[in-house]
Amino acid sequence: MRILIFSPIELPYTLGARYTGLERLAVQFAEQWHLLGNDVTLLAHKDTTVPEGVRLLPCDGYETIDRTKGEHAEVKAFMRYQPEFYSFDVIWDIGHLHLIARMMSHLPTVNVLPTAPEYAVRAGNIKAPYNLVSFSRWGIDEIRKYFHQESRYQETIMVDPEIYKPLLSTRSNRFLTLGRMSEEKGNLNAVMLCRNLGLSLDIAGGRGSETTASTPQREYEQRIIDLCDGSQIKFYGEVSDEQKIELMQTCRGLIYMTNHVEITSHKIQEALLAGAPAIVPNLGGIPEIITHGVDGYLCSNEREYVEAIKHIDELDPSKTRKRLTKKYHPKLVAEEYFNLFEQVKGGLRWK
């Protein structure tokens with residue numbers, strides 16, 4: 001099967017320390033579908049590290065456009081490669097605008113809505129006209145509520161259990177928070193909580209597309225840095241995958257304190273498979289990841305976060321690891337998607 005993956009183009013996924021989310025998923029799926037014997041093409045940022053055997057359609061990223069003029073990197077990519085889209089059996093679009101489904105609705109596409117539908121509506125994003133899938137079952141209900149359109153649940157997170165796995169050694173007494181350094185990810189909330197409680201905390205995460213310079217991305221990141229003393233509270237900034245996994249394997253637990261409603265969370269899934277119990281918000285699709293009281297705690301306010309920290313050593317992510325390993329295993333997730341692709345190639349549409 002000839003498969004095209006339309007990746008977000010905000011950032012390249014590279015094998016270094018560059019922070020990426022959806023861009024990384026696009027590369028992971030490209031590799032897995034190629035291993036299944038398919039002809040895979042990835043439309044992505046020109047600096048993306050492409051798996052062997054996968055073709056790249058290189059695109060200029062956000063660094064080349066003027067957002068103040070309403071320019072969008074995905075629009076430029078669509079216009080550049082539009083004639084090629086006819087040659088694919090199925091198109092998997094994990095971008096933000098779903099331009100192929102909107103502008104070339106006769107082509108066989110499967111479109112991922114990667115953010116909470118409420119935020120997509122606020123941003124003015126227009127839904128794909130058909131074959132919309134969601135990371136979570138919560139997201140399906142939200143798509144129906146905000147877009148008045150049906151969608152399907154399709155697991156879209158890949159976490160390799162051979163890479164993200166617990167260590168046999170004892171975990172440290174340090175907590176971990178990580179994610180993009182911005183208000184919606186809530187890193188500052190975790191810093192303030194741990195400082196007030198006298199707990200040790202490590203902070204890691206990327207910056208998004210705004211800058212790669214050594215100076216802080218914005219005031220929010222600077223506020224976090226100013227609260228770090230290099231001992232109780234440590235700031236790592238952008239880290240490699242290897243460093244991130246080590247932090248997850250050795251931390252006492254993951255603290256994630258976002259108030260931003262999310263459709264799912266890659267970091268929580270990775271942390272659990274690495275053996276880190278997770279204290280997370282009871283929001284959006286996150287409750288579908290955590291088994292409350294077993295591998296994590298779901299919290300609705302600061303008091304509940306404080307109480308959860310008191311009992312974190314009672315949690316045991318190994319009790320749910322077998323189920324999560326099957327749910328997020330790259331090969332299994334890719335195969336389930338491929339079965340759906342066979343149907344879409346044959347004409348399946350849902351609205």
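Which residue in β2 stands opposite F6? In this predicted model, the residue opposite F6 is L43. The strand β1 is joined to β2 by five bridges, and the two run parallel. β1 also pairs with β4, again in the parallel sense, over four bridges. Here I3 faces V90 of β4. Four of the five residues of β1 are buried, so the rest of the structure largely encloses this strand.

Helix α1 spans residues 22–35. Its 14 residues reach 20 Å from the first C-alpha to the last, close to the 20 Å expected at 1.5 Å a residue. The helix is mostly covered, with 11 of its 14 residues buried. Among them are L22, L25, V27, F29 and W33. Polar and charged side chains are also on the list of buried residues, including E23, R24, Q28 and Q32. The cover over the buried residues of α1 includes the strands β1 (2–6), β2 (39–45) and β4 (90–93). It also includes the helices α8 (241–250), α9 (266–273) and α12 (330–345). Just after α1, G37 adopts a positive phi of about 95°.

The packing of α1 against α12 can be described further. Their axes lie 9 Å apart and make an angle of about 75°. An angle of 65 to 115 degrees counts as roughly perpendicular, and α1 and α12 are therefore roughly perpendicular to each other. On the α1 side, the contact is made by F29, Q32 and W33. On the α12 side, it is made by P330, K331, V333, A334, Y337, F338 and F341.

Nonpolar side chains tend to be buried together in soluble globular proteins. The largest nonpolar core in this model holds 59 residues. Within it, I5, W33, W92, I268 and Y337 touch the most other members. W92 contacts L4, I5 and F6, leaving aside residues up to four places away in sequence. On the same basis, W92 touches A26, F29 and W33, and also Y337 and F341. Its further contacts are V110, V112 and T156. A second, separate core has 24 residues, including M181, C194, I279 and L315.

An open sheet is formed by six strands in the order β10-β9-β8-β11-β12-β13, with parallel pairing. Its edge strands are β10 (233–237) and β13 (296–299), each of which pairs on one side only. Neighbouring strands are turned by 25° against each other on average, direction ignored. At one edge, β12 (residues 278–281) pairs with β13 over four bridges. I279 has Y297 of β13 as its bridge partner. Helix α6 (residues 187–197) lies across β8 (175–178), β9 (201–204), β10 and β11 (253–255). It runs at about 165° to β9. α8 also packs on the sheet, where it touches β8, β9 and β10. The direction of α8 makes about 145° with that of β8.

Two loop residues have backbone angles of note. Most residues other than glycine have a negative phi. N131 has a positive phi of about 50° although it is not a glycine. This residue is in the loop between α4 (117–122) and β6 (132–134). H148, likewise not a glycine, has a positive phi of about 55°. H148 lies in the loop between α5 (137–147) and β7 (152–153). Are these two residues buried or exposed? N131 is buried, with a relative accessible area of 0%. H148 is exposed, with a relative accessible area of 69%.

Technical notes:
Residues numbered from 1 in each chain as written. Predicted model: local features only at pLDDT ≥ 70, side-chain atom pairs only at ≥ 80, totals over all residues. Heavy atoms only, no water. Expected span 1.5 Å × (residues − 1). Buried < 20%, exposed > 50% of the residue type's maximum accessible area, 1.4 Å probe, protein only. Contact = heavy atoms within 4.5 Å. Core = buried A, V, L, I, M, F, W, Y, C linked by side-chain atoms within 4.5 Å. Pairing = 2+ DSSP bridges. Axes fitted to C-alpha atoms, helices over the stretch in contact; angles between N-to-C directions. Parallel < 35°, antiparallel > 145°, perpendicular 65-115°, else oblique.
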